[in-house]
Amino acid sequence: MASSNRLLISHITLRGRELKQLYEQIAACPGISFADLVVALTPEQPETFGLADTTLREALNFLLIASMVKQEGAERRRASFYPTPQLVDAPFALLLLHHIQTHPDRRQQALALIQRLLAAEDILALAPAQVRERMERSPIGSLFAWTGEKVRFWGSLAHYLGVVRWFGNNTDILLVPQPYLLFQALEWIVRGNETDEHHLRRVLDDIDCRFFACYTTQKRVHQGVVQSLLALERMGSVHLSHRADAASSLLLNERRISHFRLCRRIMI
């Protein structure tokens, strides 16, 4: 079974692509055995646990703790694995963000809470060492011992998922959601709606609740989210507008916006 006491943020050797590949393999083949996962995803198939499947076991443990998959069978090597997504048809990044953000153990929410706490202060860029210092002084500072490795793992995973932008240890982490992730979130929230035009505040409220933080403590749209929304408009992927009779609206830089319309999908 999963090492339930293990922190998600302590899986510091993992990469986002490894989690995605493993989850998609299990989702494509519900009930797949560990042996078949080894054959599908590792370059070697050792008779006993070894270096070749260390990453696979780490990724499995992460997904089990995040409740994105379940294990049937007490012994890992003889077990079968099934997908357990909490959202239907959500892209992998949104699904993982949702599972982390809604995890019942607050310690396991840390990979989401870092971005939420920084967004609350309307921070746009920080070095990893500064992120660690802020987290140590934050309301979640006592959840566990913060280390540079944990913060770098968060930065790497958050960049892969699209919540931030980070290009290496000697650069700042930019709290700017990548436009394709924001577009996916907007698209997923409004799916099935009969109208083409949607209320921006309501949709951002839903994104904030389900996936990642969108607002500051003062309930303004975080400046990183503002940048991404305006980037989507420049790319022709969304159309932003304001209705004078709208019940509520948001200020994006100097513009008052109440509604948006999706125009074309971003290719990634």
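The paragraphs below lead through a predicted model, going from its domains to its helices, its core and its empty spaces.

The domain assignment divides the chain into domain 1 (8-83), domain 2 (92-174) and domain 3 (179-262). Between the centres of domain 1 and domain 2, taken over C-alpha atoms, the separation is 24 Å, and across this pair 16 residues of domain 1 are in contact with 18 residues of domain 2.

A good place to begin is helix H4 (92-101). Ten of the ten residues of H4 are buried, so this helix is largely enclosed by the rest of the structure. The buried residues run from the nonpolar Phe92, Ala93 and Leu94 to others that include His98, His99 and Gln101. As for what surrounds them, the buried residues of H4 pack against H1, helix H3 (54-65), H5, H7, H8 and helix H9 (200-210).

After H4 comes a loop that leads to helix H5 (110-120), and Gln108 has its place in that loop. Is Gln108 buried or exposed? With a relative accessible area of 1%, Gln108 falls under the 20% cut-off and is therefore buried. Gln108 can also be set against Asn253, which is 145 residues away in sequence and, C-alpha to C-alpha, 34 Å away in space.

Helix H5 itself is largely enclosed by the rest of the structure, because eight of its eleven residues are buried. Among these buried residues are Leu111, Leu113, Ile114 and Leu118, together with Gln115. Their packing partners are H3, H4, strand E4 (125-126), helix H6 (128-136) and H7. Just after H5, Asp122 takes a positive phi of about 60°.

The helices can next be related to the nonpolar core. In soluble globular proteins, nonpolar side chains tend to be buried together. Here the largest nonpolar core has 86 residues, and those that touch the most other members are Phe62, Trp154, Ile207 and Phe212. Helix H8 makes the greatest contribution to this core, giving nine residues. Trp154 deserves a closer look: leaving aside residues up to four places away in sequence, Trp154 touches Leu111, Ile114, Gln115 and Leu118, and also Val131, Val164 and Ile173.

Trp154 appears again when the enclosed space is considered. There is one cavity of 30 Å³ or more, and the largest cavity holds about 110 Å³ of space. Of the 13 residues that line it, Leu97, Leu111, Ala112, Trp154 and Val163 are the closest to its centre. H4, H5 and H7 each supply at least two residues of this cavity lining, and the largest share, four residues, comes from H7. By class, the cavity lining comprises eleven nonpolar and two polar residues, with no charged ones.

Finally, there is open space to consider. The largest pocket has a volume of about 280 Å³. It is lined by 17 residues, of which Lys20, Glu24, Pro91, Phe92 and Ala93 are the closest to the pocket centre. Which elements give two or more residues to the lining of this pocket? They are helix H1 (16-28), helix H4 (92-101), helix H7 (148-161) and helix H8 (179-190). The pocket lining divides into 13 nonpolar, one polar and three charged residues. Domain 1 (8-83) and domain 2 (92-174) each provide at least three residues of the pocket lining, which returns the account to the pair of domains with which it began.

How values were computed: Residues are numbered from 1 along each chain as its sequence is written. This is a predicted model: local features need pLDDT of at least 70, side-chain atom pairs count only at pLDDT 80 or more; totals for chains, interfaces and linings use all residues. Side-chain values use heavy atoms; hydrogens and water are left out. On a 1 Å grid over the protein atoms alone, a cavity is a set of points where a 1.4 Å probe fits but cannot get out, and a pocket is an open set with protein on both sides within 12 Å along at least five of seven lines; lining residues have an atom within 4 Å of a point. Grid points are joined across faces, edges and corners, and a volume is the space filled by probe spheres set on the points. Domain bounds come from an automatic or database domain assignment. A nonpolar core is a set of buried Ala, Val, Leu, Ile, Met, Phe, Trp, Tyr and Cys residues joined through side-chain atoms within 4.5 Å. Buried means under 20% relative accessible area, exposed over 50%, partly exposed in between (1.4 Å probe, protein chains only). Contact means heavy atoms within 4.5 Å.
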